Structure formats: C-alpha cells, structure tokens
Amino acid sequence: MAAHRKPRSRTTAGGATRTARTAWTIALAGAATATGFDGTGHAEPQLTPAQVKAKVDKLYQEAEVATEKYNGAREKAEATRKRIRTLQDEAARKTQSLNAAREALGSMAAAQYRDGGVDPAFQLALSSDPDRYLDGAEFAERVGHRQAASVAEVRRELREIEQLRGAARVELKSLTSRRAELRRHKKTITGKLDEARAQLARLTGGQRALGDRADRSASGDRTALAAPGSAAAQAPNARAAAAVSYAYSKLGSPYVWGATGPNAFDCSGLTQAAYRAAGVSLPRTTYSQIGAGRRVSRSELLPGDLVFFYSGISHVGLYIGNGQMIHAPNPSAPVRVAPLDEMPFAGATRVA
C-alpha cells in the first residue's frame, strides 16, 4: 500500500505544481490585461477627450462608408426585385396566352378527328351541293394553315416562357447575393456605431457637454450667415432653390443610417430627399450622386450644389453659400449647418 500511496503523493505534488503554474499564468494574464498588453485594457482610459473625439469621428466616418455601401446594395437589391416581378408577370401573361393557344389546338384536333375520316373525293361525290363543298374545302385548307401557325406559336411561347423563367432564376440568385451583402454592411455599421458609443461612454458628463458646446459653436453660430431666403435667392435656378429650402426645413432632424426622410436622414438620403422635393431624381449613394450633374470647382459653388468629402466620396452635403452647407453628420448630431472645412473636401456637382 505504501508503494501505491507514494506515486499518488507525487501525482498530488505534481498537480499542486501545475495548479500553482496555472494560477500564476492567470495572474500574469490579468496583469497583462490591466497594463494594456491586449491593446485595450489600460490604453483607453488614458485617452484625452480630444483623442476620444477623434477616434469617435473616425468610427463615424468608417460607419458612413459602410452605410453608403449598404445604400448601394439595397438600391440594387430593390432593382433586382422589380426585375424579378416584371419577369414573373411577363411569364404569367405568356402562360395565359399559351393555355389559350393549347385550347384552340385541342378544338381543332377534335374537329379533325370527327371530320377527317372521309376522303375529299367521296365528300364531293356525295355532296348535294358541290359548289358549297368546294367552298368548304377551301376553308378547311385555310384552317390547316392556321393550325400549323398555332402549333408554331405554342412552341415559340414555350421557349419564351422558359427564357423568362431562366432569367428570373438568375435574378433571384443575384438577389440572394445582394441580401448577403446587405447583412455584411449592416454588421459593419452597427459594429462601428457600437464602438463609437462605447468610446463616448468613457467621457464624463462634463466632457461630453463641453464637446457638444464646441460642436454647436463650430456650426450653429454660423447659421445666421446664410438665411434660407438669401441662400435660395442665390441659387442658380428654381429647382436648386427648392432643394435649399427643403434642407433648411429639415434642420434638427435626426441622423439615421439608411434613412431618406421625411423625418430622419443619412447624408445622401438628405440630399436625395431635398432634390426629390424639387422634382429632381437623384441616385441613392454619394458615389452615384457625384456623377449626377456637372462637376464644379470649389470657387464656382452656388447654393444647391452638392458638396462631397473624403477621398472615398463617402459624405455629401448641400451647399448654401458663404462656405457653408447643410448636412446630416452622424448619429451624434442632427441635420445642421456646418462649414465646408469641417471635413476634407473632395469635389462638387451641380445637378439642377
């Protein structure tokens, strides 16, 4: 028994050693986390409010890039759904036509079966009215030609229906791909926004209030420099003036990614809605809107021009004069007036 207990004692000692090592490893890992070895534990609380704001602004900008990709994918998905509906409607109409042609062929076949067993020569000989029979024979010949044409029509419609169904299957596959793309972009957007909220939560109430006041002083104080009437009056035409007036009417509306109004907007949703109110149809995304009109230089800007920002053309606003625009910034701020210098200028387009 002693010989048996001795190995057991060594095993226990070894277990204790392993337990001690495990505890040390856990403690070391905890220390690493506390000192920021994982890049998050210790470094984040040391960020200044200005650094937090810069990081949050970058996250918002990255979220907006993903938002515009989401908007583009959603626009394409909607177009695909419309094409599928059109194909399905056309296939249904062709099927109805095919069924009618088949019924006509069935009637012809039944009549031929009933009358086709008598040789035309005997029908002529037995006819009490040969002239009338000859007229009937000519009619029957015409019916035969029509029957052949009906068969050809049925075959053609069958081919067309199969082509429509094949096109619908291709579009459905494309729609499935678009929906997967939408889910990916949505996940990116929500991840960036959640991270931005987490960063903002690190600031004290006083720091957040100070930042809000700074934002208001950077944008709100300039509102008086370009009143709605004067901005609209300087617009190059009535449609641009109407778009400017609409944008002014939406000041204070919340930013919601993917929204196009009337009560909430993202950046390209606001410009699209403004021109929609003016009777002009704009594409959905910043990438498409920049190509929707005539490009103008910054020195040529007039109220109503679309102004774009960042190298990837991921943000857009509506110019209102005096170096200012109305835009939907990000989830932290509503639709507001802001200076063009607030972001890196990338170009401008005059759409009306």
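Start by selecting asparagine 322: at 52% relative accessibility, this residue counts as exposed (exposed means over 50% relative accessible area, buried under 20%, partly exposed in between, with a 1.4 Å probe and protein chains only). Asparagine 322 sits in the loop between S3 and S4. Check its backbone too: phi is near 55°, a positive value in a residue other than glycine.

A word on what you have open. This is a predicted model, in which local features need pLDDT of at least 70 and side-chain atom pairs count only at pLDDT 80 or more, while totals for chains, interfaces and linings use all residues. Residues are numbered from 1 along each chain as its sequence is written, and side-chain values use heavy atoms, with hydrogens and water left out.

Now zoom out to the whole chain. You should find nine helices and six strands; these are DSSP runs numbered from the N terminus, with helices being H or I of at least four residues and strands E of at least two. Of the 352 residues, 34% are buried. Among contacts (heavy atoms within 4.5 Å) between residues at least 6 apart in sequence, 66% join residues at least 24 apart.

Next, select isoleucine 313, in the loop between strand S2 (306-309) and S3. Isoleucine 313 is another non-glycine residue with a positive phi, about 50°. Unlike the exposed asparagine 322, isoleucine 313 is buried, with a relative accessible area of 17%.

From there, hop to a residue that touches isoleucine 313: threonine 286. Threonine 286 is in helix H9 (residues 286-289) and, at 0% relative accessibility, counts as buried. Leaving out residues up to four places away in sequence, its other contacts include Glu68, Cys267, Ser268, Phe308 and His315.

Phe308 leads to the next stop, since proline 344 touches Phe308, Phe309 and Tyr310, again not counting residues up to four places away in sequence. You'll find proline 344 in the loop between strand S5 (336-339) and strand S6 (345-350). Proline 344 is partly exposed, at 45% relative accessible area. Try a distance here: the C-alpha atoms of proline 344 and serine 311 are separated by 7.9 Å, and the two residues are 33 apart along the chain.

Now for the helix pair. Select H7 (residues 238-249) and H8 (residues 267-277), which pack at an angle of about 125° with their axes 7 Å apart. Axes here are lines fitted to C-alpha atoms, for helices over the stretch in contact, and angles run from 0 to 180 degrees between N-to-C directions. H7 and H8 are therefore oblique to each other (under 35 degrees is roughly parallel, over 145 roughly antiparallel, 65 to 115 roughly perpendicular, and the rest oblique).

Show the side chains where they meet: Arg239, Ala240, Ala243 and Tyr246 in H7 face Ala273, Ala274, Tyr275 and Ala277 in H8. By class, that contact has seven nonpolar, no polar and one charged residues (Ala, Val, Leu, Ile, Met, Phe, Trp, Tyr, Cys and Pro count as nonpolar, Asp, Glu, Lys and Arg as charged, and the others, Gly among them, as polar).

Stay on H7 and color its buried residues: Ala240, Ala241, Ala243, Val244, Tyr246, Ala247 and Tyr248. What covers them includes helix H6 (228-233), H8, strand S3 (315-321) and strand S4 (324-327).

Last stop: proline 262, in the loop between H7 and H8. The peptide bond from glycine 261 to proline 262 is cis, with omega near 5°.
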